[in-house]
Structure formats: structure tokens, C-alpha cells
Amino acid sequence: MLNRHAKIIRLIEIVGEVSGRKKLQKMVYIGKHLEMDFDERYEFHMYGPYSEELTLRVDELCNMGLLDEQMESKGAIHMYRYSLNETGHDFLKFHEVDFGSGERAILRMNEENSRFLELVSTILYFSHLPYEEMKGKIFTFKSKQRYTEEEIQKGQTFIEELRALMKEDGGTALM
């Protein structure tokens, strides 16, 4: 059970800090699609793929004192930042988590904003469809985001970039 928690802690340790719940959701979803060893189940939600399991796990990690959660208010919008504290570092000493070349992909994902990662995760969610149908789903379900075809193409290029990072060392190492 705690191995699943350790994977989330390790992701945050790799990047130092994740700004936003949505961003963390998308990073784990994209990582899962890149065959990183994440266990969370996802459903399509208002902001793209969403895992209630991940939300609960992060809450548990914060309640156990393994992750620090800081909330910033910007008007009506609340932004959460997650970082690893000393207790979390100590916890990881007892749980071997090695994402292998996936660590570079995790770092690369963290460089992007949550809006772009939302698009990338939505592209992956509908990747089983032909391109035109996938694009139509994005324009329909994500109409408020006003994504352009150019952004969709940029998202697909980003996915290929992440896949290339994963292959550099022969893929990820599993726990």
C-alpha cells in the first residue's frame, strides 16, 4: 500500500515542487501512459483525466506529514504547491522507487504549465481514436480552453519528446 504513496513522494522529490493539484494529476497520468509504474485509475473529468485515488493519496501524504501543501489564494482561485519535507525524505529511504529514464520525462513535464499538460493528457486519453476524431473530442470537451490545432500538434510533439526521453536508457526501471 505505501509503495503507491512512495511513488508520488518520489515524483515530487525529483522535481522539488509541483505547483497545482491539476498539474500533479496530469503528470502522473502522462507518466502512466509512458509506462511509468503508477497505479492510479483515471476517468475523464472536467479538466481532462482525473484520479480520485491520486487525490486521496496526496491528502493522506499531507495528513501523515510526508508532504507539505501550501495554499496560495489569488482572488477566488486557490493554488496548491506540494513539496517534500524531511519526514518524506526519511520515508523514501525505506521505499526504493526508481523511475529510471522516466526521471528526465518527469522533470520535463514539470517545466510545462497545467493548461498544456491538461491538453497533453487529453490527447493521450483519446489517443486510441483517429486524429480528426481525437481533435474533435478536444474541441468539444475542452471548448472553454480554446485549444488550437497548432497547440494540439505541439502536444503531440511533446508526447514524442517524452517517449524519446524514456527510451534513452532503455525505458523506465520498475519498482
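Which side chains meet in a salt bridge at 2.6 Å, N to O, with R108 as one partner? The side chain of R108 meets that of E161; a salt bridge here is a side-chain nitrogen of Lys or Arg within 4 Å of a carboxyl oxygen of Asp or Glu. The pair links distant parts of the chain, R108 lying in helix α5 and E161 in helix α8, 53 residues apart.

The model is predicted: local features need pLDDT of at least 70, side-chain atom pairs count only at pLDDT 80 or more, and totals for chains, interfaces and linings use all residues. Residues are numbered from 1 along each chain as its sequence is written, and side-chain values use heavy atoms, with hydrogens and water left out.

**Overall architecture**

The protein chain contains eight helices and five strands, where helices (H or I, at least four residues) and strands (E, at least two) are DSSP runs numbered from the N terminus. Of its 175 residues, 45% count as buried; buried means under 20% relative accessible area, exposed over 50%, and partly exposed in between (1.4 Å probe, protein chains only).

**Salt bridges**

The count comes to 20 salt bridges. Side chains of opposite charge can pair when their charged atoms come close. Three of the pairs are tabulated below.

| Pair | Closest N to O distance |
|---|---|
| R10 and E13 | 2.6 Å |
| R10 and E103 | 2.7 Å |
| R108 and E161 | 2.6 Å |

R10 is buried, with a relative accessible area of 15%, whereas E13 is partly exposed at 27%. R10 and E13 are three residues apart in helix α1 and therefore separated by about one helical turn. E103 is partly exposed, at 23% relative accessible area. In the α5 to α8 pair, R108 is buried at 17% and E161 is partly exposed at 32%. Salt bridges that share partners also join R4, K7, D37 and D39 into one network. K7 lies in helix α1 (residues 2-15) and is buried, with a relative accessible area of 5%.

**Helix α6**

Helix α6 (residues 114-125) has 12 residues. Nine of these are buried, so the helix is largely enclosed by the rest of the structure. Among the buried residues are F116, L119 and I123. The buried residues of α6 pack against several elements, including α2 (21-33), α5 (102-110) and α8 (149-167); contact means heavy atoms within 4.5 Å. At the start of α6, a side-chain oxygen of N113 comes to within 3.1 Å of the backbone nitrogen of R115.

Terms used:
Expected span 1.5 Å × (residues − 1). Polar contact = N/O pair within 3.5 Å; in protein donor to acceptor, adjacent residues only side chain to side chain.
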